[in-house]
Amino acid sequence: EDQLHGIQPLFRSSRRYSKNWRIKEIIEKVKMYYSVPIKDRKINVEVEEKGVPLVLKCTEGILLQAFINLVDNAVYWLTTSDRKDKTIKIIIDGNKSEVIFADNGLGIKKDDYPYIFKPFFSTKGIKGRGLGLYITRQLLDRYDFSIELIEKEKNKILSGANFLVSFGDAEAED
């Protein structure tokens with residue numbers, strides 16, 4: 001019942017209400033949803049805040065959907081990896097209004113870079129629908145937020161997939 005109440009913001013009727021949300025709290029909520037697979041698969045999740053707390057005015061459902069998708073993908077790909085030190089690192093930078101989301105899984109092949117945000121593109125085989133990153137980008141676009149793949153090795157936080165979620169000039173209301 002608690003989990004159903006927690007995901008209620010994902011339902012259509014709850015997406016209409018905008019208010020101020022602290023990104024760290026949204027990410028902690030998503031971590032809680034995934035606590036069992038994270039623990040079972042021995043995945044280390046590190047959340048780091050830099051600068052001022054990142055607070056945005058939008059609907060909770062949009063933020064939950066974006067971070068649920070990123071965590072879900074990272075957990076899936078880390079599960080397919082034989083690494084012993086499976087890690088997801090999330091850096092929230094309030095000064096830059098951005099979040100870097102990275103894992104040390106298998107990463108994304110360079111040939112796939114142009115397609116990962118396209119609908120129905122998946123490298124998960126029959127387990128993937130190819131809609132997660134596409135929907136995430138569409139939802140973030142509604143608020144003039146963005147998500148991009150960090151392609152250059154020198155800009156990556158970890159060796160696997162790295163994403164930059166930018167909230168631009170978004171500011172919370174007092």
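## Who builds the pocket?

Which helices and strands each supply at least two residues of the lining of the largest pocket? Three elements do: α4 (60-80), β5 (98-103) and α5 (132-141). Keep in mind as you look around that this is a predicted model.

Of these elements, α4 deserves a careful look, since the most lining residues come from α4, with 9 of them.

## A look inside the pocket

Let's start with the space itself. The largest pocket holds about 820 Å³. Its lining is made of 33 residues. If you want to find the centre on screen, look for Asn73, Trp77, Ser122, Lys124 and Leu133, which lie nearest to it.

What is the lining made of, by class? Nonpolar residues number 17, polar ones 9 and charged ones 7.

## α4 meets α5

Now for the way two of those pocket elements pack. The axes of α4 and α5 are 9 Å apart, and the angle between the helices is about 155°. Angles over 145 degrees count as roughly antiparallel, so α4 is roughly antiparallel to α5. Their crossing is left-handed.

Which residues touch here? On the α4 side you'll find Ile62, Gln65, Ala66, Asn69, Leu70 and Asn73. They meet Gly132, Leu133, Thr136, Leu139 and Leu140 from α5. Sorted by class, this contact has 6 nonpolar and 5 polar residues, with no charged ones. Two names should ring a bell: Asn73 of α4 and Leu133 of α5 take part in this contact, and both are among the residues nearest the centre of the largest pocket.

## α4 meets α2

Helix α4 has another partner to check out. Helix α2 (residues 23-33) crosses α4 at roughly 50°, and the two axes come within 9 Å. Why is this pair called oblique? An angle of roughly 50° falls outside the ranges for roughly parallel, roughly perpendicular and roughly antiparallel, so α2 counts as oblique to α4. This crossing is right-handed.

From α2, the contact uses Ile23, Ile26, Ile27, Lys29, Val30 and Tyr33. Helix α4 answers with Glu60, Leu63, Leu64, Phe67, Ile68 and Val71. By class, that gives 10 nonpolar residues, 2 charged ones and no polar ones.

## Putting it together

So where does α4 turn up? Helix α4 lines the largest pocket, packs against α5 and makes a contact with α2.

Key: Residues are numbered from 1 along each chain as its sequence is written. This is a predicted model: local features need pLDDT of at least 70, side-chain atom pairs count only at pLDDT 80 or more; totals for chains, interfaces and linings use all residues. Side-chain values use heavy atoms; hydrogens and water are left out. On a 1 Å grid over the protein atoms alone, a cavity is a set of points where a 1.4 Å probe fits but cannot get out, and a pocket is an open set with protein on both sides within 12 Å along at least five of seven lines; lining residues have an atom within 4 Å of a point. Grid points are joined across faces, edges and corners, and a volume is the space filled by probe spheres set on the points. Helices (H or I, at least four residues) and strands (E, at least two) are DSSP runs, numbered from the N terminus. Ala, Val, Leu, Ile, Met, Phe, Trp, Tyr, Cys and Pro count as nonpolar, Asp, Glu, Lys and Arg as charged, and the others, Gly among them, as polar. Axes are lines fitted to C-alpha atoms, for helices over the stretch in contact, and angles run from 0 to 180 degrees between N-to-C directions. Angles under 35 degrees count as roughly parallel, over 145 as roughly antiparallel, 65 to 115 as roughly perpendicular and the rest as oblique. A crossing is left-handed if the near helix is turned anticlockwise from the far one by less than a right angle, and right-handed if clockwise. Contact means heavy atoms within 4.5 Å.
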